[in-house]
Amino acid sequence: MIPLSVPHISGNEWKYVKECLDTAWVSTAGAYVGRFEDNLCEFTGAAHAVACVNGTAALHISLIISGVEAGDEVLVPTLTFIAPINAVRYLHAEPVFMDCDDYYNIDPAKTIEFIQKETVLRDGYSVNRQSGRRIKAIIPVHVFGNAAALEELIDVCRERNIRVIEDATESLGTVYTSGPNAGKHSGTIGDFGCFSFNGNKIITTGGGGMIVTDNAEFAEKARYLTTQAKDDAVRYVHDEVGYNFRLTNVQAAMGVAQMEKLPEYVDIKRRNFRRYREEIHHINGLELAAAPPYADANYWFYALQIDADNYGKDVEATMQHLSAQKIQTRPVWYLNHLQKPYAACQHYKIEKAVVLAGKTLNIPCSVNLTDQDIRTVVGALKA
Ligand SMILES: *Cc1c(COP(=O)(O)O)cnc(C)c1O
């Protein structure tokens, strides 16, 4: 069986976790949590990092600090894993769904058009003409590790007092190479960047997340909210509703070990992408989707695009065919503006997301994928 995406644990994980166990520093206090945060700052160039129990919690807290409240709206892409949409709903706010561009990311042109044509600035907030609600934030997702085109979008959001929360849960290691953000890591451009260390991400702590920000006040607030909002930690006085969202030292210990390997993992992902792409290019009706030219992607997930007419099989049939050969693949997430809890929410000119979702299959991409595995997958695609 060749799995889609599994963790690779090959470094100091045992040593660091054992140290937590040996010293009984297993909970949310302990040196590894701070070390893991420092590692994220060093690696991404962000000024502050706050560790969380998972990426969804990181998004949830970032939305709270962005001022999102019940009845507000948040702009989101329809093509993404559902976690950022759910985080909006946790606050009883409403997602407004946007289309995607050629790289599976939120379409910047259509989103700007929506903001400029469908909203008006009133009392300092962008108000949706249709719903009358305030749009407080946007969550661009760097899908599959592809850097979202943020350059112009972010300027419009700044003008319109819309906070930008980057969902960088899939894109740790992705760096912009041109434009005003050249040299910057995904997650460090908006007001907040959220990372995930879930089992299928490029590095993992079993479960975990991180908020990065350059704003010291936001970081302090995130630290406060994720640790039960203690205003007096001795007498347990709480002036706000807090959350038990702090990462544990055991998980952070694993994170520190995984961070040591991250550059190597990105290299492997990139090399395997090239190997796949060269081979797949020769198969009629198949193409491995390119990453955007304005960034070095981390190549977290590989997106196989299937032209069913030329290839002779659609996504579903290809998935079944590979599954019969013990190769695990996965179609793109069911589009979120069609999901039951969100079907009544507003969506704006969604076209490309439908096309891409209809022809894309994610193929095995684990860091420990061997050359033989790649040959097996390609051979099965050819057969
Ligand atoms: C993985 C993922 C998340 C959630 O991260 P968890 O750590 O699993 O909570 C959020 N958004 C996207 C796009 C993801 O892929």
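Visitor: How many residues surround the ligand in this model?

Guide: A residue is near a molecule if one of its heavy atoms lies within 4 Å of it. The model is a predicted one, and the closest residues to the ligand in it are Thr 56, Asp 167, Glu 170, Ser 196 and Lys 201. Together with the others around the ligand, the number of surrounding residues is 16.

Visitor: Which helix supplies the largest share of the shell around the ligand?

Guide: Two helices, H3 with residues 55-65 and H4 with residues 83-90, each give at least two residues to the shell. The largest share of the shell amounts to three residues, and the helix they come from is H3.

Visitor: How much of the area that the ligand exposes when taken alone does the protein bury?

Guide: Oxygen atoms of the ligand have polar atoms of the protein beside them: a backbone N or O atom of Gly 55 lies 2.7 Å from one, a polar side-chain atom of Glu 170 lies 2.5 Å from one, and a polar side-chain atom of Ser 196 lies 2.6 Å from one. Taken alone, the ligand exposes 380 Å², and the part of this that the protein buries is 93%.

Visitor: Does Pro 77 count as buried or exposed, and why?

Guide: Pro 77 has its place in strand E2, which runs over residues 73-77. A residue is called buried when its relative accessible area is under 20%. Because the relative accessibility of Pro 77 is 2%, this residue counts as buried.

How values were computed: Residues are numbered from 1 along each chain as its sequence is written. This is a predicted model: local features need pLDDT of at least 70, side-chain atom pairs count only at pLDDT 80 or more; totals for chains, interfaces and linings use all residues. Side-chain values use heavy atoms; hydrogens and water are left out. A polar contact is a pair of N or O atoms within 3.5 Å; within protein, one must be able to donate a hydrogen and the other to accept it, and residues adjacent in sequence count only if both atoms are side-chain atoms. Accessible areas come from the Shrake-Rupley method with a 1.4 Å probe; for residues, only the protein chains shown count as cover. Helices (H or I, at least four residues) and strands (E, at least two) are DSSP runs, numbered from the N terminus. Buried means under 20% relative accessible area, exposed over 50%, partly exposed in between (1.4 Å probe, protein chains only).
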